[in-house]
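Here are my notes on the model, set out as numbered points for a colleague who will want the cut-offs stated alongside the values. Please read them with the structure open.

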Amino acid sequence: MNKLIIISIFSLSLLSASQLTAEVKLTETLKAGKEIAQNICSGCHGVSGKAESGGNSGAVPNIYAQQRDYLTLKLKDYKSGKLQHPQMTMIAQMISNADIDNVAEWYSRIKVKIFDPEIELSEPGQY
Ligand code: HEC
């Protein structure tokens, strides 16, 4: 009897542990994209896509929540030389087309909440 209880508690905890990991498990694309973001892009765009001061942030665009196809297009244009920028052209040429797809997926999947400045200013303390 005791053994049975122990076994069922054990399998219950196994079940919840695997459910937990399943909830936070990134797809392979997102995992690979995040790795590129961390290793290559983060100094300027941050891992979240919010421009970092390391990249002289005033001149670096925020790229979170941007459309995936737009990010892919820009990166491929930098890679091919159609778009010329001293830093971005070089960086895009360092990474593969698969890296571009993965990192575009990562940044496009970061969600932000949009605040309308009119509402924000008319209701101080609201946000
Ligand atoms: C050394 C700093 C630096 C790094 C590292 C860097 N970027 Fe950039 N990125 C910039 C700057 C500066 C611009 C603006 C270029 C321009 O004005 O044409 C830019 C532009 C872009 C744009 C175009 C945005 C738009 O709306 O036109 C994309 C997309 C982008 N970066 C993605 C990336 C990705 C993905 C990585 C990593 C693989 C990366 N960048 C790494 C500095 C950087």
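1. Burial is used here in a neighbour-count sense: a residue is buried if 20 or more other C-beta atoms lie within 10 Å of its own, exposed if 12 or fewer, and partly exposed in between, with C-beta atoms placed from the backbone. By that count Ala65 is partly exposed, because 15 other C-beta atoms lie within 10 Å. Ala65 sits in the loop between helix 2 and helix 3, and its phi is positive, at about 60°, although the residue is not a glycine.

2. On provenance, this is a predicted model, in which local features need pLDDT of at least 70 and side-chain atom pairs count only at pLDDT 80 or more, while totals for chains, interfaces and linings use all residues. Residues are numbered from 1 along each chain as its sequence is written.

3. The protein has 6 helices and 0 strands, where helices (H or I, at least four residues) and strands (E, at least two) are DSSP runs numbered from the N terminus. Along the sequence this reads as α-α-α-α-α-α. Of the 127 residues, 16% count as buried. Taking two residues to be in contact if their C-beta atoms, placed from the backbone, lie within 7 Å, residues 24 or more positions apart account for 52% of the contacts with a separation of 6 or more.

4. Asn62 also belongs to the loop between helix 2 and helix 3, and it is partly exposed, since 15 other C-beta atoms lie within 10 Å. Leaving aside residues up to four places away in sequence, Asn62 touches Gly49, Lys50 and Ala51. The C-alpha atoms of Asn62 and Gly49 are separated by 5.5 Å, although the two residues are 13 residues apart along the chain.

5. How do helix 2 and helix 5 pack? Their axes are 7 Å apart and make an angle of about 90°, where axes are lines fitted to C-alpha atoms, for helices over the stretch in contact, and angles run from 0 to 180 degrees between N-to-C directions. Helix 2 is therefore roughly perpendicular to helix 5; angles under 35 degrees count as roughly parallel, over 145 as roughly antiparallel, 65 to 115 as roughly perpendicular and the rest as oblique. On the helix 2 side the contact includes Thr29, Leu30 and Cys41, and on the helix 5 side it includes Asp99, Trp106 and Tyr107. This contact has 8 nonpolar, 3 polar and 3 charged residues, with Ala, Val, Leu, Ile, Met, Phe, Trp, Tyr, Cys and Pro counted as nonpolar, Asp, Glu, Lys and Arg as charged, and the others, Gly among them, as polar.

6. Helix 3 (residues 68-80) and helix 5 (residues 97-108) have axes that come within 8 Å and cross at roughly 140°, so the two helices are oblique to each other. Arg68, Leu71, Thr72, Leu75 and Lys76 in helix 3 meet Ile100, Asp101, Ala104, Glu105, Tyr107 and Ser108 in helix 5. The residues of this contact divide into 5 nonpolar, 2 polar and 4 charged.

7. The shell around the ligand holds 20 residues, of which Cys41, Cys44, Gly55, Lys74 and His85 come nearest; a residue is near a molecule or strand if its C-beta atom, placed from the backbone, lies within 6 Å of it. The elements giving two or more residues to the shell are helix 2 (28-45), helix 3 and helix 4 (88-94), and helix 2 supplies the largest share, 6 residues. By class, the shell has 14 nonpolar, 5 polar and 1 charged residues.

8. Ser96 lies in the loop between helix 4 and helix 5 and counts as exposed, because it has 10 C-beta neighbours inside 10 Å. The C-alpha atoms of Ser96 and Lys79, 17 residues apart along the chain, are separated by 9.1 Å.
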